[in-house]
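I opened this model to look up its salt bridges, its ring contacts and its pockets. My entries follow in the order I made them.

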Amino acid sequence: MELIQPTAKLMQGLQFAASKHRMQRRKDNETPYINHPINVATILAVEGGISDETVLIAALLHDTVEDTDTTFEEIETQFGADICSIVREVTDDKSLEKQERKRLQIEHAATSSSKAKLVKLADKLDNLRDLGRKPPIGWSVERQEQYYVWAKKVVDNMRGTNAELEQKLDDIFRLKNLL
């Protein structure tokens, strides 16, 4: 396996994400939120074989606009238009109702750039692994099952992006009798 040497820009992305997410926790109310973007970037690099620094930095930053006070302008100024474009593609519009955001994720998955699809696949893989390990506080079994079904619809619209990540997602879907 090729060892990826972290660049200053990658480390700046990690530091930026850590600073922006510093006060947040995952939906289990225990896990530091920063673990999630780190996991997404690590899944891409280690499990997906991705060495494209633009994709890895976008993975670290993928939730900053959606979940913090970060703006797209801030991302573009600090990390450039390419990384900002990927982050923009994977960011939900929080002004929309939850069901509409979920519908749009399914729809946009099919037309997203290949780099955005990579980030989204790794994001879904990490979220599903977390859901299997420790469901969010207050989530019923039915809500968990609905999340798996919805996530599969999103993933199905990104097929052909990365065989390794898709296989790992399929392993989860198979366990949930969705394949």
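**Entry 1: charged pairs**

I began with two neighbours in sequence, and both Asp123 and Lys124 turn out to be buried. I note that the model is a predicted one. The side chains of Asp123 and Lys124 form a salt bridge, at 3.9 Å from N to O. The cut-off for a salt bridge is 4 Å, so I count the pair.

Next I looked for salt bridges with partners in common. One network of this kind joins Lys152, Asp156, Arg159 and Asp170. I then took the total for the structure, which is 16 salt bridges.

Which residue forms a salt bridge with Lys168? I found Glu47 there, with the closest N and O atoms 3.7 Å apart. Lys168 sits in helix H10 (residues 163-175) and Glu47 in helix H2, so this pair ties together parts that are 121 residues apart in sequence. I checked accessibility on both sides. Lys168 is partly exposed, at 30% relative accessible area. Glu47 is also partly exposed, at 23%.

I picked a pair within one helix as well. Arg103 and Glu100 form a salt bridge, and their closest N and O atoms are 2.8 Å apart. The two residues are three apart in helix H7, which means about one helical turn separates Arg103 from Glu100. Arg103 is partly exposed at 39% relative accessibility. Glu100, at 28%, is partly exposed too.

**Entry 2: rings**

I turned to the aromatic side chains. How many aromatic pairs are there? I get three. In one of them, the ring centres of Trp139 and Tyr147 are 5.8 Å apart and the planes stand at 50°, so I log the pair as tilted. Edge-to-face would need planes over 60 degrees apart, and stacked under 30. Trp139 and Tyr147 are both buried. Ring pairs also bring in Trp150, giving a cluster of Trp139, Tyr147 and Trp150.

I then searched for charges over ring faces. Lys102 lies over the face of Trp150, 4.3 Å from the ring centre. Arg88 does likewise over Phe72, at 4.1 Å from the ring centre.

**Entry 3: the largest pocket**

I moved on to open space. The largest pocket holds about 950 Å³. Its lining counts 37 residues, and those closest to the centre are Arg26, Lys27, Asn127, Trp139 and Tyr147. I recognise Trp139 and Tyr147 from the tilted pair.

Which elements give two or more residues to this lining? I list helix H2 (35-47), helix H4 (64-67), helix H7 (98-111), helix H8 (114-133) and helix H9 (141-156). H8 supplies the largest share, with seven residues. I sorted the lining by class: 19 residues are charged, ten polar and eight nonpolar.

**Entry 4: a contact across sequence**

I closed with Ile86. Where is Ile86 found? It is in helix H6 (residues 81-90). Is Ile86 buried or exposed? Ile86 is buried, at 3% relative accessible area. I measured nothing at the bench here; the value is computed from the predicted model. Ile86 and Lys117 are 31 residues apart in sequence, and their C-alpha atoms are 9.0 Å apart in space.

Technical notes
Residues numbered from 1 in each chain as written. Predicted model: local features only at pLDDT ≥ 70, side-chain atom pairs only at ≥ 80, totals over all residues. Heavy atoms only, no water. 1 Å grid on protein atoms, 1.4 Å probe; cavity = no way out; pocket = protein on both sides within 12 Å on 5 of 7 lines; lining within 4 Å. Points joined across faces, edges and corners; volume = space filled by probe spheres on them. Helix = DSSP H or I, 4+ residues; strand = E, 2+ residues; numbered from the N terminus. Nonpolar A, V, L, I, M, F, W, Y, C, P; charged D, E, K, R; others polar. Phe/Tyr/Trp six-rings, centres within 6.5 Å; stacked < 30°, edge-to-face > 60°. Buried < 20%, exposed > 50% of the residue type's maximum accessible area, 1.4 Å probe, protein only. Lys NZ or Arg CZ within 6 Å of the ring centre and 35° of its normal.
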